[in-house]
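Please work through the exercises below with the sequence and the coordinates at hand. Each task is followed by a solution in steps.

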Amino acid sequence: MEQQNTNQSLFDRVGHESLADAVVRQVEDLIASGILKQGKRLPSERELSEALGVSRPKLREALQILEDRGLVVTRHGEGTFVSALTGQAMLPALISLYGRHEPAFMDYLEYRREQEGFAARLAADRATSADKERITDILEKMVTAFEAGDNEASRQADFALHAAIVDASQNATLIHMMASIFELTQQSVFYNRDFLRTIDGTGQILLDQHLELGNAVIEGEPARAKRAAEEHIDFVEKSFRVGLERQRREVMSNKRRLLSS
């Protein structure tokens with residue numbers, strides 16, 4: 001039942017003229033706007049047929065058109081999925097390299113700072129009531145995870161918040177670009193949280209930054225939201241440099257100990 005409600009909120013019933021084209025146009029609009037992202041599984045044929053109010057033959061005709069256009073792919077036994085439209089921004093080998101190569105990682109953070117500051121500013125100006133409810137829910141989960149000391153839940157909420165704010169920007173290009181660097185973004189959030197937490201010992205600073213960012217968007221303050229996003233990435237960069245310096249000192253200390261033994 002919950003899945004059916006979701007489908008009905010995404011898809012509108014279509015009329016009886018050019019049914020297949022009407023279905024195609026509706027799905028294309030959802031993809032172009034960033035609501036349906038690459039890799040997203042479409043509802044089942046039965047659910048889609050009911051939600052759209054079209055027969056299964058017409059639905060199959062529409063899905064075939066979408067597949068011919070390279071927008072969806074059907075996997076037998078699994079369902080129909082939105083195609084990988086933006087491609088993979090970085091292959092796993094390059095993602096791994098970024099984690100080991102300081103200049104490249106700093107370039108990545110520079111990009112993130114501009115991207116997320118831009119997204120936060122737009123989100124604070126454009127977020128709908130549904131966007132604000134989503135962000136509020138994530139912030140509540142973030143606080144609960146922090147109070148429970150649940151690091152994994154904190155990581156999940158961390159990434160969910162950044163993704164929700166990008167979605168709330170209502171900028172389709174920005175939404176798709178964020179999806180295209182999903183792996184790198186997620187890995188960097190996980191990687192840097194350890195460094196971030198060592199600065200204040202508890203992660204309180206990190207939580208406060210996320211609350212400030214989310215609330216600035218919810219309260220509709222673009223300049224404040226942009227500043228909060230940029231200051232957060234600046235903190236991530238600082239933590240990364242602190243972590244590298246600590247590693248360097250450990251290596252030097254171990255070498256001195258070996259020479260003195």
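The exercises concern a predicted model and treat a helix contact, an aromatic pair and a cavity.

**Exercise 1. Helix contact**

Determine how helix 3 and helix 4 are oriented to each other, and state which residues make their contact.

Solution.
- Step 1: The helices in question span residues 45-52 (helix 3) and 56-68 (helix 4); their axes come within 10 Å and cross at roughly 105 degrees.
- Step 2: Angles of 65 to 115 degrees count as roughly perpendicular, and helix 3 and helix 4 are therefore roughly perpendicular to each other.
- Step 3: On the side of helix 3, the contact is formed by Glu45, Arg46, Leu48, Ser49 and Leu52; helix 4 supplies Arg56, Leu59 and Arg60.
- Step 4: Sorted by class, this contact of helix 3 with helix 4 contains four charged, three nonpolar and one polar residues.

**Exercise 2. Aromatic pair**

Classify the ring pair of phenylalanine 105 and tyrosine 108, and relate the two residues to helix 6.

Solution.
- Step 1: A pair of aromatic rings is described by the distance of the centres and the angle of the planes.
- Step 2: The whole structure holds two aromatic pairs.
- Step 3: For phenylalanine 105 and tyrosine 108, the ring centres are 5.7 Å apart and the planes stand at 45 degrees, so the pair is tilted.
- Step 4: Both residues belong to helix 6 (residues 102-126); because they are three residues apart there, about one helical turn separates them.

**Exercise 3. Second largest cavity**

Describe the second largest cavity by its volume and its lining.

Solution.
- Step 1: The model has three cavities of 30 Å³ or more. The second largest cavity has a volume of about 60 Å³.
- Step 2: Its lining consists of Met142, Phe146, Ser154, Arg193, Arg197, Gly203, Leu206, Leu207 and His210.
- Step 3: Two or more lining residues come from each of helix 7 (129-148), helix 10 (182-200) and helix 11 (204-218). Helix 11 gives the most, with three residues.
- Step 4: By class, the lining residues of the second largest cavity are four nonpolar, three polar and two charged.

Key
Residues numbered from 1 in each chain as written. Predicted model: local features only at pLDDT ≥ 70, side-chain atom pairs only at ≥ 80, totals over all residues. Heavy atoms only, no water. 1 Å grid on protein atoms, 1.4 Å probe; cavity = no way out; pocket = protein on both sides within 12 Å on 5 of 7 lines; lining within 4 Å. Points joined across faces, edges and corners; volume = space filled by probe spheres on them. Helix = DSSP H or I, 4+ residues; strand = E, 2+ residues; numbered from the N terminus. Nonpolar A, V, L, I, M, F, W, Y, C, P; charged D, E, K, R; others polar. Axes fitted to C-alpha atoms, helices over the stretch in contact; angles between N-to-C directions. Parallel < 35°, antiparallel > 145°, perpendicular 65-115°, else oblique. Contact = heavy atoms within 4.5 Å. Phe/Tyr/Trp six-rings, centres within 6.5 Å; stacked < 30°, edge-to-face > 60°.
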